[in-house]
Amino acid sequence: ATKLYRGSLIALCISNVFFMLPWQFAQFVLLTQIASLFAVYVVGYIDIYKLQKIIYIHMISLALCFVLMFGNSMLLTSYYASSLVIIWGILAMKPHLLKRNVSELSLWVIQGCFWLFGTIILKYLTSKIFGIADDAHIGNLLTSKFFSYKDFDTLLYTCAAEFDFMEKETPLRYTKTLLLPVVLVVFIAIVRKIISDMWGALAKQQTHIRKHQFDHGELVYHALQLLAYTALGILIMRLKLFLTPHMCVMASLICSRQLFGWLFCKVHPGAVIFAVLAAMSIQGSANLQTQWNIVGEFSNLPQEELIEWIKYSTKPDAVFAGAMPTMASVKLSALRPIVNHPHYEDAGLRARTKIVYSMYSRKAAEEVKRELIKLKVNYYILEESWCIRRSKPGCSMPEIWDVEDPANAGKTPLCNLLVKDSKPHFTTVFQNSVYKVLEVVKE
């Protein structure tokens, strides 16, 4: 749009709020959006006034989320918040930068470096000043992807397939449906256009007097956003949930006259689209058939038995501890107090979960019981599968604990001992094929 209307800005604000409220990782996706927009601005595809308005809207939506989340301080010390402040600062300083006689390329590099290092430094400083460590594990998780760093929290994440690197089958599936080849064609066409524009801007060296902005900045934005989603999807497999739909959006640009006008002069656009869709539908129909063949309903009888037992055999104020996914079900279906749950972006909750998961370590039963009593736990839900399952080498719970607690390495895991006999520190009060409920014996 040539100019931003109030309705568009309000819609952006509302969508940002609804995106951030239910999901703690939303800030990282919005960070990639802001970074892509900033890059589009730096090279001249959008003007300073438009970006300023978008930045202000993001700041307002962040403030609204902070209030609606009852003062969630992690939002204010996030990379997303730091990036917004740094970009706002760069935009305010731009007139002073233009007064200096620097080349176009130098201006791009200065702004890019200022944004990158400024965001990291401001994030570090705000976290230290406010004493916030809620998202510290995310930095450690990214570090573990590139280096040999590992601790209890990062291993819990990286041992789960959805937080590991993207599996090799994914690009293969993208290729079979022709999604990846079509996107590559579109992306190459956009990159050619960007290079042409950049070369023209650098050759003219008209930093201060450029009046005409480049056309079709939205194409450049989506190309950059695609790169960001690709990086996220490769690093953390579950985040391909953004990559796949965005690839579909990019594939639709095969219809773009701005990119493929030269082809549509020779071939009718409808023929191109029909040919591409026909080729895609070969694997696409097979994929649909596979999904349609999945018939039935979800059933987890052992967990239903556990929930029913908790409802009718324990007091309403009885406190439970156990694996995070199971605790979510206990809280939701039995309405019992729990000490840990799957919202891991909280430093206090991570500390409690670590204590709860020490049941799968090689520590002494008495030591684990003492820590559980401090948390006021009445019942512990033990799952033997958590003690023996191993998604890959070094990824069973006892092996994860060997990294955290090397002093006890080599001993028999506590969960193995408790499966055979829970006494004297715990009493078995319920058991089925999957779950064993241990009552903590008070001293």
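This passage walks through the aromatic contacts, the annotated membrane spans and the sheet of a predicted model. Local features need pLDDT of at least 70 and side-chain atom pairs count only at pLDDT 80 or more, while totals for chains, interfaces and linings use all residues. Residues are numbered from 1 along each chain as its sequence is written, and side-chain values use heavy atoms, with hydrogens and water left out.

Aromatic pairs first: the structure holds 15 of them, a pair being two rings of Phe, Tyr or Trp (its six-membered ring) with centres within 6.5 Å, called stacked if the planes are under 30 degrees apart, edge-to-face if over 60 and tilted otherwise. Tyrosine 229 and phenylalanine 242 make a stacked pair, because their planes meet at 20°, with the ring centres 5.6 Å apart. That pair bridges helix α11 (residues 217–235), home of tyrosine 229, and helix α12 (residues 240–251), home of phenylalanine 242, at a separation of 13 residues; helices here are DSSP runs of H or I with at least four residues, strands are E runs of at least two, and both are numbered from the N terminus. Both tyrosine 229 and phenylalanine 242 are buried (under 20% relative accessible area, against over 50% for exposed and in between for partly exposed, using a 1.4 Å probe and protein chains only). They also belong to one aromatic cluster with Phe19, Trp23, Phe25 and Phe28.

Tyrosine 357 and tryptophan 386 go the other way: planes at 70° and centres 5.4 Å apart, so this pair is edge-to-face. Tyrosine 357 sits in the loop between α17 (347–356) and α18 (365–374) and tryptophan 386 in helix α19 (residues 384–388), so parts 29 residues apart in sequence are tied together. Tyrosine 357 is buried at a relative accessible area of 1%, and tryptophan 386 is buried at 11%. The charged end of arginine 389 sits over the ring of tryptophan 386, 4.4 Å from its centre (CZ of Arg, or NZ of Lys, within 6 Å of the ring centre and within 35 degrees of the ring normal).

As for the membrane, the unreviewed UniProt entry annotates several spans as "transmembrane region", including 53–71 and 178–195; such annotations may be inferred rather than shown by experiment. Residues 53–71 are 84% helix and 0% strand, and residues 178–195 are 94% helix, with end C-alpha atoms 26 Å apart.

Finally, 4 strands form an open, mixed sheet in the order β1-β2-β4-β3, where pairing takes at least two DSSP bridges between strands. The edge strands are β1 (320–322) and β3 (426–431).
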